[in-house]
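Subject: Structure handover

Hello,

Here is the structure I promised to pass on. Please open it alongside this note and follow along.

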Amino acid sequence: MEDNKLFQGYKGRALDLLKKYDVRVWDKAEVDTTRGHFSGKILPRAENTDDTHIVLKVVTGYNIGLDISTITNMKGERDPQPNFKVPEKEFPYTPGLPHVKLLGTGGTIASRLDYRTGAVIPAFSPGELFGAVPELADICNLETEKVFAVFSENMSPKEYLALANKIGDEVKNGIEGIVIGHGTDTLAHTATALTYMCQNLPMPVVLVGSQRSSDRPSSDAALNLMHAMTAAGHGDIAEVMVCMFGPTSDEYGFLHRGTRVRKMHSSYRSTFRTIGDTPLATISRKEGAVPIKKIYNHRRHGERKVEVITDLASYKASLAANDPNTTRIVPVFDDRVAILYYYPGMKPDVLEALIDRGYKGIVWDGTGLGHVNKGMFDAIQKATDAGIHQYMCVQTIWGYTHMFVYDTGRDLMARGIIPADNMLCESAYIKLGWALGLSHDREEVRKLMLTPINDEITRREPYDGYLIYQGGVPEVEEFVRKVHK
């Protein structure tokens, strides 16, 4: 028990080494190794890791692992365990600043390191976030509420519905902007769902996350939050957006349309990109939102009429009324929908398993212009006969389905697969679940799916909507070296 307290997580050979030199967890340590000298604080180890390393937090704030076989000497100076908890602070009120509501869901932007497991866990409350980022008080008057605290991979239609209803309540209450703190892994899925569920918004709803947790020196959490608060409180674009880093540096952020954004890198801070289009705007504290797109579908207004719609008839009636000042909250979702990523050699039993399990919708991620192999044809027809709604997207990410070009595409359409134009696969998946929440009639679902709500389908891609620069090419290397990184 005493070892557990003094040598948290260390075991075996690593524990023996710490005891040999009388060094404990949280000590300030000087460590001589065959690879050089290191100074820092001894950190706890995750309980499920090896016994051949010690972990040191160096002066830069980063953690390094030292192989115990390289350590020749250690000296430790006792130091109390630090308090990693960020204190909550009451947000000050400043007359004249907009009122913004921060809804916390969890994720890296609201997280800390759990030294028991070595994992990043949801931990910071929205109030703690203000304690960590006091600059937010210069941007807005902030209200905070933790709706739930989950990793983004645990977000589901249940959470989408809760957030949509919460947004409707805040619209009625007159809030001037909403920021939603969210993990980045499925942030785009939630942004898409909220775009369909929350239509004709009178103010911005901005989803924001961070790629690096708040306790890391290179964390993007604070700047992303400041940019998101600026967009929500002062921006004029009244729709669901994602706000994250633009370039890898901290010059500015991007505002991405919720239905056209994708996480494109596992660790870069500039991971989010608008696909098949340009971002809506750049965003910074100094300049505010600087438009990139010249035409926005929805602009900020002061009306606070809200309709909560849960059936198709009411939804169609609301559309027919064509009142741009009425916010439609459509919190419906049928979760019996799957994405099938086609791969060469796929066998029909993959699809047949979904038919047998009672799924009602399938989004295909097909090759090229929207293709799968002929061996799937009978199962696809079986799925259509079973009442399953099937839509085709393309694995290329950019571009459109064009299923009239080749025989394969025509054969697939004849068997019930409907091309989803240039919808991103994630957007099509979310939209199909939302549409099936309103109706299972094939023609009604088709109309819902193929009628754009907020540019999830566009008539064409702009000439600069598809740009991929390949490293190693002379002109690109010059650009990276001299112009921008």
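A cavity here is a set of grid points where a 1.4 Å probe fits but cannot get out. By this rule, there are two cavities of 30 Å³ or more. Please keep in mind that this is a predicted model.

**Cavities**

The second largest cavity has a volume of about 30 Å³. Its lining is made up of Pro204, Ala231, Gly235, Asp236, Ile237, Met241, Leu255 and Ala289. By class, six of these residues are nonpolar, one is polar and one is charged.

**Largest pocket**

Now to the open spaces. The largest pocket holds about 1,400 Å³ of space. Its lining has 35 residues. Nearest the centre of this pocket are Gly246, Ser270, Arg273, Leu467 and Tyr469.

Which elements supply at least two residues of this lining? They are strand 14 (253-257), strand 16 (272-274) and helix 13 (474-483). Helix 13 provides the largest share, four residues. The lining divides into 15 nonpolar, 13 polar and seven charged residues.

**Second largest pocket**

The second largest pocket has a volume of about 400 Å³. It is lined by 24 residues. Closest to its centre are Gln199, Tyr315, Leu319, Pro452 and Ile453. Two or more lining residues come from each of strand 11 (198-199), helix 7 (312-321) and helix 12 (442-450). Helix 7 gives the most, with four residues. In this lining, eleven residues are nonpolar, seven are polar and six are charged.

**Cysteines**

How many disulfides are there? The count comes to zero. A disulfide needs two cysteine sulfur atoms within 2.5 Å. Two cysteines show how that cut-off applies.

Take Cys198. The closest cysteine sulfur to that of Cys198 is in Cys243, 19 Å away, so the two are too far apart for a bond. Cys198 counts as buried, because its relative accessibility is 4%.

Then Cys393. Its sulfur lies 4.9 Å from the closest cysteine sulfur, in Cys425. That is also too far for a bond, because a disulfide requires the sulfurs to be within 2.5 Å. Cys393 is buried, with a relative accessible area of 1%.

**Positive phi**

Two residues other than glycine deserve a look at the backbone.

Trp26 has a phi near 80°, a positive value. Trp26 sits in the loop between helix 2 (12-20) and strand 1 (28-33). Is Trp26 buried or exposed? Its relative accessibility is 4%, so Trp26 counts as buried.

Asn200 has a positive phi too, near 60°. This residue lies in the loop between strand 11 and strand 12 (205-208). Asn200 counts as buried, because its relative accessibility is 12% and the cut-off for buried is under 20%.

**Two loop residues**

Start with Thr70. It is found in the loop between strand 4 (63-67) and strand 5 (71-77). Its relative accessibility is 15%, so Thr70 counts as buried. A polar atom of the Thr70 side chain lies 2.7 Å from the backbone oxygen of Asp67. Which residues does Thr70 contact, leaving aside its neighbours within four places in sequence? They are Asp32, Thr33 and Thr34.

Next is Gly276. Its place is in the loop between strand 16 and strand 17 (281-284). Gly276 counts as buried, because its relative accessibility is 0%. Gly276 and Trp398 are 122 residues apart along the chain, yet their C-alpha atoms are separated by 5.5 Å. Trp398 is also one of the contacts of Gly276 once neighbours within four places in sequence are left aside. The others are Glu461, Pro462 and Gly465.

**Where to look**

For a quick tour, begin at helix 13, which gives the largest pocket the largest share of its lining. Move on to helix 7, which gives the most to the lining of the second largest pocket. Then visit the Gly276 and Trp398 pair, with C-alpha atoms 5.5 Å apart. Finish at Thr70, for the 2.7 Å approach of its side chain to the backbone oxygen of Asp67.

Best wishes

Methods:
Residues are numbered from 1 along each chain as its sequence is written. This is a predicted model: local features need pLDDT of at least 70, side-chain atom pairs count only at pLDDT 80 or more; totals for chains, interfaces and linings use all residues. Side-chain values use heavy atoms; hydrogens and water are left out. On a 1 Å grid over the protein atoms alone, a cavity is a set of points where a 1.4 Å probe fits but cannot get out, and a pocket is an open set with protein on both sides within 12 Å along at least five of seven lines; lining residues have an atom within 4 Å of a point. Grid points are joined across faces, edges and corners, and a volume is the space filled by probe spheres set on the points. Ala, Val, Leu, Ile, Met, Phe, Trp, Tyr, Cys and Pro count as nonpolar, Asp, Glu, Lys and Arg as charged, and the others, Gly among them, as polar. Buried means under 20% relative accessible area, exposed over 50%, partly exposed in between (1.4 Å probe, protein chains only). A polar contact is a pair of N or O atoms within 3.5 Å; within protein, one must be able to donate a hydrogen and the other to accept it, and residues adjacent in sequence count only if both atoms are side-chain atoms. Contact means heavy atoms within 4.5 Å.
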